[in-house]
Amino acid sequence: MCGIVAYVGKRQAYPIIIKGLERLEYRGYDSAGIALLNGELSVYKKKGKVSELKAHLAEMNLDSTIGIGHTRWATHGEPNDLNAHPHYSSNQKLAMIHNGIIENYDVLKQELVSRGYAFESDTDTEVFIKFIEDIFTNNNCTLEEAVRLALNKVVGAYGIVIINKDEPDQLIAARKGSPLVVGVGDGEFFFASDATPIIEYTNDVVYLNDYEIASVRNGELSIRTIDDIPMTPYIQRLELELESIEKGGYEHFMLKEIFEQPRSIADCMRGRLASERGHLVLGGLRDYIGKANNIDRIIILGCGTSWHAGLVAEYILEEFCRIPVEVEYASEFRYRNPIIREGDLVIAISQSGETADTLAAIELAKSKGAIIFGICNVVGSSIARATHAGAYTHAGPEIGVASTKAFTAQITVLTLMAILIARQKGTITEALFRHLLVEMEAIPGKVEQALQANAQIQYIAETLKDSRNALYLGRGYNFPVALEGALKLKEISYIHAEGYPAAEMKHGPIALIDEEMPVIVIATKDSSYEKIVSNIQEVKARKGRVIAIVTEGDDHVAKMADYTIEVPSAHEALMPIISVIPLQLLSYHIAVLRGCNVDQPRNLAKSVTVE
Ligand code: G6P
């Protein structure tokens, strides 16, 4: 949720930290702060974006080779200067940044208040650092030991880094439930919530595991568990290009990511599929595919856009594999008492691989004996590591808060998975198998073609930008696409939008239709085409404005709709990857025209590592 970055070494810490915070800003952006140590331990923090902190610090002397920084997404306490991180200990000798939530902070706070501690913010983090301070000052132990003792008492999730005025070359970090990566350079170390602030300086990283405490001191990194067991740091080499986390000439990350889709979808299939040889493989599924005949049911877990990818997969898996599929919001699943039987396969979908609800749902399913297959974008993420097997989407870093290329890559992996299982089970013919491989290989080119409607969509966006509501309709495979289109519009333009199965319109939403109401209908030529054309007529009969996504060359719908946006045709099961493209562009342009912050929409965060 929040972004953490810290540095200790020979270079100036401030430029590294502030740049790191800019890279991590997608994780939260309601306030930002840093602490630097140069004789004095100085904390600077500001409500608002990292740029506001940067402007605030522009004229200051920030000389220091050690520091910590934080960009916040508020959980406890409103976004203001006081609640921003870092938080000092009472004696101002320690400062801490924290990502996560301490659930028993109230009890700890009362304890500390009774011992004379005062608090200036509303945050759980201030309680957390003062709790550590209390143990440190009363136990005649090292700070590392005090942190360890404190972590044994706190309940909740944390990724933390602590700086200590009395130890000017030491940083202490720990994680449970909130990601933390350690960058290992030449006599220098970096800590961050993800690798993006680090890769400019080193590709060698250590992913901290839950319940681990990392301490850098005198240029040495050591790791112990909160049970005091020493661990050997496992250094991995990161393969991430710097250019993949920069805007590359686009005005926004979201637009860049939308336009990257022909490449990201191709990357997702690279090495997995070769239609001319009838070759299809998903490495992570290899050990399990032989048991495909034993799968009685598939349960798909996810949140937000990943849940929508799961809904698309439900249609595809049931059609090709003839296996019943249930798609669950991870946040609901985790608090039910779900029935999991032997023979159930659980698929967890997550771009970030860090979503707290999805992670908890996985743990619950695991505890009931399920095999979990993960579909994640972020390599080495918590969900990727918590699942038994999985496949990465290889879409590259997604920085825009509204998910675009991760969605199409998720559907791509899920489709490959469905085709593989179906072939193994014999529920599709060899001819259909071969045909689907050819169709999959053609998808990147078709997405490229769909992107060519960009200028036209920008023009249509002009006519929709002042709408207060919008209705998205789709049927069959395109129903989840309608949900995703509505979510995109809500997220970044703050226009209320609803996605509906087109036939359900008559059971409620039809009452909303008048000349003010834009209705975006996905009406590509598939088995529901005739029915959806009737739905368009129902909207037009009530003077609704129809923007239809149609198969190229479709004059029939063009005669009824106010605007049509053409997309190339494909096997109907594969259409969601193509038909979502104009909806992504439409919401992007509407949001830009409304002056919204497209990459960092209000109140949202890219990865939600709290409940
Ligand atoms: C947040 C993001 C969404 C994302 C959802 C699930 O709400 O803003 O774009 O779909 O989390 O995230 P995940 O990383 O698990 O796919």
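**Helix packing, ligand surroundings and local backbone features**

The crossing of helices α3 and α4 is left-handed. In this predicted model, α3 spans residues 105-114 and α4 spans residues 124-138, and the two helices pack with their axes 9 Å apart at an angle of about 50 degrees. The pair α3 and α4 is therefore oblique, since an angle of this kind falls outside the ranges under 35 degrees, 65 to 115 degrees and over 145 degrees. On the α3 side the contact involves Y105, L108, K109 and L112, which meet D124, V127, K130, F131 and D134 of α4. By class, five residues of the contact between α3 and α4 are nonpolar and four are charged, while no polar residue takes part.

Another helix pair is formed by α1 (residues 13-24) and α2 (residues 50-57), whose axes come within 9 Å and cross at roughly 155 degrees. That angle makes α1 roughly antiparallel to α2, as the limit for this class is over 145 degrees. The crossing in which α1 passes α2 is left-handed. Helix α1 contributes Y14, I18, L21 and E22 to the contact, and helix α2 contributes V50, L53, K54 and L57. Six nonpolar and two charged residues make up the contact of α1 with α2, and polar residues are absent from it.

A further packed pair consists of α9 (residues 304-321) and α16 (residues 479-493), with an angle of about 170 degrees and axes 8 Å apart. Helices α9 and α16 are therefore roughly antiparallel to each other, and α9 passes α16 in a left-handed crossing. From α9, the residues G304, T305, W307, H308, L311, V312 and Y315 meet F479, P480, L483, E484, L487 and K488 of α16. The residues of this contact between α9 and α16 comprise eight nonpolar, three polar and two charged.

The ligand is surrounded by 14 residues, of which the closest are S306, S350, Q351, S352 and T355. Three of these residues are described here through their distances to oxygen atoms of the ligand. For Q351 the backbone is involved, with an N or O atom lying 2.7 Å from an oxygen atom of the ligand. For S352 the side chain is involved, an N or O atom of which is 2.6 Å from an oxygen atom of the ligand. In the case of T355, a polar side-chain atom is placed 2.5 Å from an oxygen atom of the ligand.

Two local features of the backbone were also identified, each in a loop. The peptide bond joining H85 and P86 is cis, with omega at about 0 degrees. Residue P86 is located in the loop that runs between β4 (66-72) and β5 (87-88). At H394, a residue other than glycine, phi takes a positive value near 55 degrees. Residue H394 belongs to the loop between β22 (389-392) and α13 (405-425).

Terms used. Residues numbered from 1 in each chain as written. Predicted model: local features only at pLDDT ≥ 70, side-chain atom pairs only at ≥ 80, totals over all residues. Heavy atoms only, no water. Axes fitted to C-alpha atoms, helices over the stretch in contact; angles between N-to-C directions. Helix = DSSP H or I, 4+ residues; strand = E, 2+ residues; numbered from the N terminus. Left-handed = near helix turned anticlockwise from the far one by under 90°. Contact = heavy atoms within 4.5 Å. Nonpolar A, V, L, I, M, F, W, Y, C, P; charged D, E, K, R; others polar. Near = heavy atom within 4 Å. Polar contact = N/O pair within 3.5 Å; in protein donor to acceptor, adjacent residues only side chain to side chain.
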